[in-house]
Amino acid sequence: MPQDQTKTYQAKVFVTLKPSILDPQGRTVERSLSHLGQQVSGVRVGKYIELQLEGERGEVESRLKDMAENVLSNPVMENVRWELEEAALEPA
Amino acid sequence: MPQDQTKTYQAKVFVTLKPSILDPQGRTVERSLSHLGQQVSGVRVGKYIELQLEGERGEVESRLKDMAENVLSNPVMENVRWELEEAALEPA
Amino acid sequence: MTQTHTPNPSLLNPSLRTRAATFGLADTEYDLLVSQLERHPNALEAAIVGAMWSEHCGYKNSRPLFSAFPTTGPQVLQGPGENAGVVDIGEGWGVAFKMESHNHPSAVEPVQGAATGVGGILRDIFAMGARPFAVLDSLRFGDPESPRTKFLVNGVVEGISHYGNAIGVPTVGGEVTFHPSYQENPLVNVMALGLLRHEDLAKGTMGEVGNVIVYVGSKTGRDGLGGAVFASADLSDASQADRPAVQVGDPFMEKLLLEATLEAIEAGVVAGVQDMGAAGLVSSTCEMAYRANLGITMNLDDVPTRETGMVPMELCLSESQERMILVPVPGREQELYDLLAKWELDVVQIGQVEEHHNYRLMWKGEVVCDLPVALLNEAPKYTREGVESEAIKAARERDLSSVPVPTDLGQVLLKLLSHPTIASKRPIFERYDQQVMTNTVVLPGAADAAVMRVKGSSMGVAATSDCNPRFVQLDPYVGAAAAVAEAARNLACVGATPLAITDNLNFGNPHRPEVYYQMQQAVQGIGDACRALNTPVTGGNVSLYNQYVEANPDGTQRTVAIHPTPTIGMVGVLPDISQRATLGLKGEGQMLYLLGE
Amino acid sequence: MNVAVIQFPGSNCDADALHAAQMNLDPSARFVWHTEEGLPSNTDLVVLPGGFSYGDHLRSGAVAARSPIMGAVKAHAERGGYVLGICNGFQVLTESGLLPGALSRNRDLHFLCKPVHLRVNNNQTAFTSAYAPGQTLEMPIAHGEGNYYADAGTIERLESEGRVIFRYLDNPNGSLNDIAGIISEKGNVLGMMPHPERAVEALLGSEDGQGLFQSLKSGV
Ligand SMILES: Nc1ncnc2c1ncn2[C@@H]1O[C@H](COP(=O)(O)OP(=O)(O)O)[C@@H](O)[C@H]1O
């Protein structure tokens with residue numbers, strides 16, 4: 001099959017706060033877990049977004065990049081990364 | 001090196017709403033993306049939690065499972081999955 | 001001025017003058033500093049002076065104008081100069097109140113910018129020993145139809161709601177107006193009120209020699225670094241890249257600080273208290289030392305940090321949120337520490353109060369800053385020449401008889417009523433918890449001022465925030481005086497006697513003569529109106545450089561300043577809350593009267 | 001009647017709940033700090049007040065539900081003692097398993113504070129006996145996560161057992177079956193999103209919450 005065929009893709013986007021930015025959620029979760037007797041460290045809470053797009057791979061990739069960087073995250077304080085794969089025809 | 005050595009592990013926990021539950025946040029993201037001319041579907045917004053634990057692999061795994069299932073997510077409406085790997089010695 | 005120590009000479013660097021601007025200092029200010037010190041500063045010292053002499057901390061352009069303000073009266077328990085002003089409302093109760101802006105941070109990151117604005121003003125209130133019991137928000141945005149405005153409105157409201165609701169202080173009133181001059185530079189002014197018993201009035205002082213200085217609250221990170229300088233700089237594309245200037249607030253941490261601080265003040269174990277706001281650790285400790293007329297020595301190694309490898313510059317100027325400085329009453333330190341521990345707050349002793357009059361900082365065993373406290377707190381003052389803009393003068397003097405009267409006045413009315421500035425603000429204030437604390441008797445939408453009861457008394461406290469910037473634009477003196485008068489009318493309409501005001505002076509670049517003219521005139525107008533109404537000014541805030549650069553069609557650029565916006569926050573008292581009034585018509589057959597001309 | 005109001009560090013309706021309880025139930029009602037392991041002896045009613053118990057960062061009420069005092073609250077409920085969870089208190093009750101279901105984000109994703117109208121769906125309970133059947137009440141809500149959810153089987157059971165106590169007339173948050181408040185199987189634990197403690201004085205706009213306190217008072 002040629003690479004540039006229109007397909008449905010499943011994207012996973014991970015949005016995390018920049019390391020130098022305070023993460024009150026992470027701090028509280030860490031503290032609460034320790035109250036519950038669970039020693040953990042470096043807790044950071046971010047967003048995990050799943051979505052589907054249709055198109056040719058290259059074009060889908062660039063649309064996803066645009067969305068992830070400009071809509072799904074705020075570059076002022078967040079980092080974002082994403083994964084893209086062909087959507088399974090049937091739910092796994 | 002023996003498997004049961006004490007090490008620092010990096011965990012990634014993904015919390016998503018159960019498929020049967022309406023995700024108003026996902027719907028809003030979908031709508032605002034479409035206002036911006038981006039056609040996407042099936043948007044679901046969940047939580048992405050990073051944390052570090054120390055211990056022997058087996059014990060760390062069971063602690064993580066316990067935290068993920070009983071504290072970090074609410075089984076009434078959320079699904080949870082996690083990944084565990086040895087923490088890199090230096091930040092990547 | 002005598003010098004007891006000098007920082008390690010190897011740290012001193014005469015060539016700093018060439019980069020004075022990076023520390024927020026004009027060349028002339030740098031020279032003034034050198035002549036006062038009789039030596040060159042090191043980079044840390046230059047940055048500290050730059051921060052303390054910024055508009056935000058030092059009010060160098062605005063303070064000379066403030067002599068126009070009346071600041072005293074029998075009702076004034078605390079005038080300008082402390083964290084917040086305090087008025088007496090009777091029966092041993094006082095109300096602490098103040099307004100503060102978070103305009104520039106909100107333009108960059110509306111949710112956190114507005115949220116941390118709420119956090120900052122609340123700390124100013126409880127640092128006075130007052131329990132915050134009401135918030136008002138005065139918001140100005142650009143074109144309501146533009147995507148940017150929608151993003152900003154939603155974000156700012158989300159931020160205020162997120163912080164105020166979580167900490168549990170009701171948001172009971174405010175304003176929202178739209179005008180293109182705020183398109184890139186929205187205004188987010190937040191006013192807070194707190195209730196205190198007279199005997200609990202606390203001060204931001206270091207007390208006496210030998211007292212220890214204690215740091216409480218969140219750890220220090222690199223976030224919000226340089227915020228004080230940032231707030232005084234022109235807003236341009238560069239601020240997008242100025243990432244660390246964004247601060248994230250944590251209302252839960254603030255709640256812990258609030259409860260612990262009030263408990264400590266009530267228990268009588270603190271001699272001085274102040275929050276770390278603009279210019280963080282430096283401005284708080286430096287102002288406290290100045291009020292006590294004493295010096296301090298602090299050890300920067302002891303500052304709790306959230307990140308590794310932080311250097312003195314960062315430790316001193318970070319604007320991480322939810323941090324306070326407390327000075328325990330000598331001998332009662334342990335009581336204070338125990339009380340803070342109950343609220344799971346970390347405390348660290350970072351310094352002590354000393355006989356000398358210097359602001360001395362140690363790091364890794366060396367003196368890294370040694371500056372006279374007075375020098376830091378006495379910023380140079382500038383009086384400039386104000387000139388009215390010809391275009392505005394012409395607009396004001398325009399002959400209105402040449403404007404045709406619309407034929408269909410009904411249509412005009414409908415158009416007016418549907419304008420977002422005039423239409424109901426319900427969708428906004430419903431996102432705020434207006435009732436938590438169960439004191440709000442007159443809710444938003446029910447009148448032009450909010451009324452809160454004082455539990456255990458028949459009194460009520462009324463508050464409003466007002467300004468009509470279009471009016472100020474046309475005539476800054478009359479417009480600003482009208483804002484004071486409007487606030488007083490709004491209080492009178494709920495049945496309250498106006499007591500005092502706080503203000504938030506939002507203007508463009510004061511170096512521009514037409515902007516300086518607006519400031520001068522507006523401040524005069526406020527002063528005269530306050531004298532006439534017997535409502536002294538007990539504090540306020542100045543936000544300058546509210547402007548942005550826009551491209552002309554021919555490729556050149558022009559600077560667009562906001563409409564001059566001196567927001568007035570006024571507080572009044574109702575001796576008997578059962579006598580309050582609201583604005584709805586109450587029944588058929590009642591008469592309507594028009595008062596005034 | 002002896003009332004204990006639980007205080008979590010981020011509770012913010014704790015003083016309001018105490019004020020209402022002292023006015024309407026027990027002048028000596030008092031706070032109990034979240035780190036306590038036990039309740040004062042003779043406690044009849046535990047109130048879990050509104051607020052943001054531990055900042056509510058993970059999920060509302062999630063951490064509070066696992067705090068030391070909750071062990072004592074559960075034991076109290078098992079003994080048949082009364083528990084009233086308001087707003088965040090309701091979230092704590094579902095998170096701790098004392099009530100079924102969960103409260104998720106409001107349908108329109110915003111925090112909402114406004115008066116709502118409720119129908120008393122069951123007045124045969126210790127919390128509602130002073131109300132007439134089907135009576136309409138006005139009470140404020142103030143929450144961002146009040147959207148009641150439970151699986152179909154649970155909803156059906158709640159309905160058939162008459163455990164839906166209050167229903168919204170104009171559903172503000174997307175709750176299933178317009179549910180505003182539910183009760184435990186034994187009828188001694190009530191969780192509700194609206195704030196009865198904000199509706200006990202005419203000065204504040206509504207007195208419709210008083211019936212709840214009157215019901216409790218006459219029941220003990
Ligand atoms: N940002 C806001 N936050 C809270 N309440 C607000 C806000 N904006 C307006 N209000 C409230 O809405 C009501 C109407 O305000 P506004 O439209 O400014 O009326 P007016 O111009 O007649 O004073 C007042 O009670 C006011 O306090």
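**View 1. Residues that surround the ligand in this predicted model.** The ligand is enclosed by C:Asp137, C:Gly173, C:Gly174, C:Glu175, C:Val176, C:Lys425, C:Phe429, C:Tyr432, C:Pro444, C:Gly445, C:Ala447 and C:Asp448, where a residue counts as near a molecule if one of its heavy atoms lies within 4 Å of it. By class, this shell holds five nonpolar, three polar and four charged residues, with Ala, Val, Leu, Ile, Met, Phe, Trp, Tyr, Cys and Pro taken as nonpolar, Asp, Glu, Lys and Arg as charged, and the others, Gly among them, as polar. Strand 5 (residues 171-178) of chain C supplies the largest share of the shell, four residues; strands are DSSP runs (E, at least two residues), numbered from the N terminus.

**View 2. Polar atoms beside the ligand.** A polar side-chain atom of C:Asp137 lies 2.5 Å from a nitrogen atom of the ligand, while an N or O atom in the side chain of C:Lys425 is 3.0 Å from a ligand oxygen atom. From the backbone, an N or O atom of C:Ala447 is found 2.8 Å from an oxygen atom of the ligand. The protein buries 77% of the 550 Å² that the ligand exposes when taken alone (accessible areas by the Shrake-Rupley method with a 1.4 Å probe).

**View 3. Chains A and B.** Chain B is superposed on chain A by a rotation of 179° with 0.0 Å of shift along its axis (RMSD 0.2 Å), fitted by least squares on the C-alpha atoms of residues with pLDDT of at least 70 in both. The two copies are thus related as by a two-fold rotation axis.

**Notes.** Residues are numbered from 1 along each chain as its sequence is written, and chains are lettered from A. In this predicted model, local features need pLDDT of at least 70 and side-chain atom pairs count only at pLDDT 80 or more, whereas totals for chains, interfaces and linings use all residues; side-chain values use heavy atoms, leaving out hydrogens and water.

How values were computed
A polar contact is a pair of N or O atoms within 3.5 Å; within protein, one must be able to donate a hydrogen and the other to accept it, and residues adjacent in sequence count only if both atoms are side-chain atoms.
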